[in-house]
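Reader: I have a model open and want to walk through it. Can we go residue by residue, then out to the sheet and the cores?

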Amino acid sequence: MALVERLTAERAQALLPELVLLLQDTVDSGAAVGFLPPLSDEEARGFWLGAIADIKRGSRLVLVALEGERVAGAVHLAMVTRTSALHRAEVQKFCVHRDFRGRGLGTLLMDAVEQAAREEGRSLLVLDTRRGDLAEQMYIRRGYVEAGSIPGWALNPDGQLHDTVFYYKML
C-alpha cells in the first residue's frame with residue numbers, strides 16, 4: 001500500500017534521484033506535463049530544483065506516493081501568494097509512474113492534494129490537461145468543472161499542437 005507524504009525541501013532533496021526518474025517516466029510515457037521526450041537528467045533535475053526552491057518559499061506543496069523507497073507518483077499544488085487570491089491554488093504535474101498505474105494511486109494523490117489545499121485554507125482549485133487524456137475523465141469524475149479550452153496550447157512529441165482544457169473545483 002502506498003503512503004502519501006508531503007515533502008519538505010530537505011526530503012525532496014533526498015528523494016531527488018527518484019523524483020527525476022518519475023518525471024522522466026511520465027514524459028516518456030506521453031503525459032502532457034510541460035516537457036517533451038526524451039527528458040534529460042539535467043532538465044528534469046533543474047525542474048525539481050526549482051520546485052524545491054518553491055517549497056522553501058512556501059509557494060508550492062509537493063505530495064508524493066511512496067511504495068517502499070520508490071516514488072510511485074507525485075502531484076504539486078502551486079499556492080497563489082497574491083493577497084487577493086489566497087483562496088485558490090493550481091494542481092500541477094500530476095504524475096504516476098508506469099510501474100504503479102492501475103493501483104489507485106491517482107485517486108490517493110488527488111484526495112491528498114485536495115485535503116492539503118483545504119488545510120492551507122484554499123477553497124478553489126484550478127488545473128489544466130490535454131484534451132482527451134485519461135486524466136481528463138478522472139478530473140470530471142472528481143467533480144472538476146470545465147471552464148474552457150484553448151486550441152493549439154502545447155506541442156505534442158509528434159510535432160502537432162494539442163488543445164488544453166481548464167478545469168476548476170470548489171472545495
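Reader: Which residues does His-97 touch, leaving out those up to four places away in sequence?
Author: This is a predicted model. His-97 sits in the loop between strand 4 and helix 4. Leaving out residues up to four places away in sequence, the residues His-97 touches are Leu-21, Leu-22, Asp-25, Arg-70 and Ala-72.

Reader: Is His-97 buried or exposed?
Author: Buried means under 20% relative accessible area. His-97 has 10% relative accessibility, so His-97 counts as buried.

Reader: Which residue has its backbone nitrogen 3.0 Å from a polar atom of the His-97 side chain?
Author: The cut-off for a polar contact is 3.5 Å between N or O atoms. The side chain of His-97 offers a polar atom, and 3.0 Å from that atom lies the backbone nitrogen of Asp-99.

Reader: Asp-25 and Leu-22 touch His-97. Which residues of helix 2 are buried?
Author: Helix 2 covers residues 16-28. Its buried residues are Leu-16, Leu-19, Val-20, Leu-22, Leu-23, Gln-24, Asp-25, Thr-26 and Val-27.

Reader: What covers the buried residues of helix 2?
Author: Both helices and strands take part. The cover includes helix 1 (9-14), helix 3 (41-57), strand 2, strand 3 and strand 4.

Reader: How many Å apart are the end C-alpha atoms of helix 2?
Author: Helix 2 has 13 residues. At 1.5 Å a residue it should span 18 Å, and this agrees with the distance between its end C-alpha atoms, 18 Å.

Reader: Which residue just after helix 2 takes a positive phi?
Author: The phi is about 100°. The residue is Gly-30.

Reader: Now the sheet. What is the order of its strands?
Author: The sheet is open and has seven strands. Their pairing is mixed. The order is 1-2-3-4-5-7-6.

Reader: Which strands stand at the edges?
Author: An edge strand here has a single partner strand, so one of its sides is left without a neighbour in the sheet. That holds for strand 1 (3-6) and strand 6 (145-155).

Reader: How far are neighbouring strands of this sheet turned against each other on average?
Author: Direction is ignored for this angle. The average turn between neighbouring strands is 25°.

Reader: How many bridges join strand 2 to strand 3?
Author: Strand 2 and strand 3 form a hairpin with two residues between them. Gly-68 in the turn has a positive phi of about 65°. Val-64 stands opposite Ala-74 in strand 3. The two strands run antiparallel, and the number of bridges is eight.

Reader: How many of the 10 residues of strand 3 are buried?
Author: Strand 3 is largely enclosed by the rest of the structure. That is because its buried residues number nine.

Reader: In strand 4, which residue is the bridge partner of Leu-77?
Author: Strand 3 and strand 4 run antiparallel, joined by six bridges. In strand 4, Leu-77 is partnered by Val-91.

Reader: In which sense do strand 4 and strand 5 pair?
Author: Glu-90 has Val-126 in strand 5 as its bridge partner. Three bridges link the two strands, and the sense is parallel.

Reader: Which helix packs on the sheet, touching strand 4, strand 5 and strand 7?
Author: The direction of this helix makes about 155° with that of strand 5. It spans residues 134-141 and is helix 5.

Reader: What is the relative accessible area of Leu-125?
Author: Leu-125 lies in strand 5. Its contacts include Leu-77, Val-91, Ala-117 and Tyr-144. Leu-125 is buried, with a relative accessible area of 0%.

Reader: Which element gives the most to the largest nonpolar core?
Author: This core has 27 residues, and Leu-77, Val-91, Phe-94, Met-110 and Tyr-144 touch the most other members. The elements giving two or more residues include strand 3, strand 4 and helix 5. The top contributor gives seven residues and is helix 4.

Reader: Which residues does Phe-94 touch, leaving out those up to four places away in sequence?
Author: Phe-94 is one of the core members with the most contacts to other members. Leaving out residues up to four places away in sequence, Phe-94 touches Val-33, Ala-74, Val-75, Gly-106, Leu-109, Met-110, Met-138 and Tyr-139.

Methods
Residues numbered from 1 in each chain as written. Predicted model: local features only at pLDDT ≥ 70, side-chain atom pairs only at ≥ 80, totals over all residues. Heavy atoms only, no water. Helix = DSSP H or I, 4+ residues; strand = E, 2+ residues; numbered from the N terminus. Buried < 20%, exposed > 50% of the residue type's maximum accessible area, 1.4 Å probe, protein only. Contact = heavy atoms within 4.5 Å. Pairing = 2+ DSSP bridges. Axes fitted to C-alpha atoms, helices over the stretch in contact; angles between N-to-C directions. Polar contact = N/O pair within 3.5 Å; in protein donor to acceptor, adjacent residues only side chain to side chain. Core = buried A, V, L, I, M, F, W, Y, C linked by side-chain atoms within 4.5 Å. Expected span 1.5 Å × (residues − 1).
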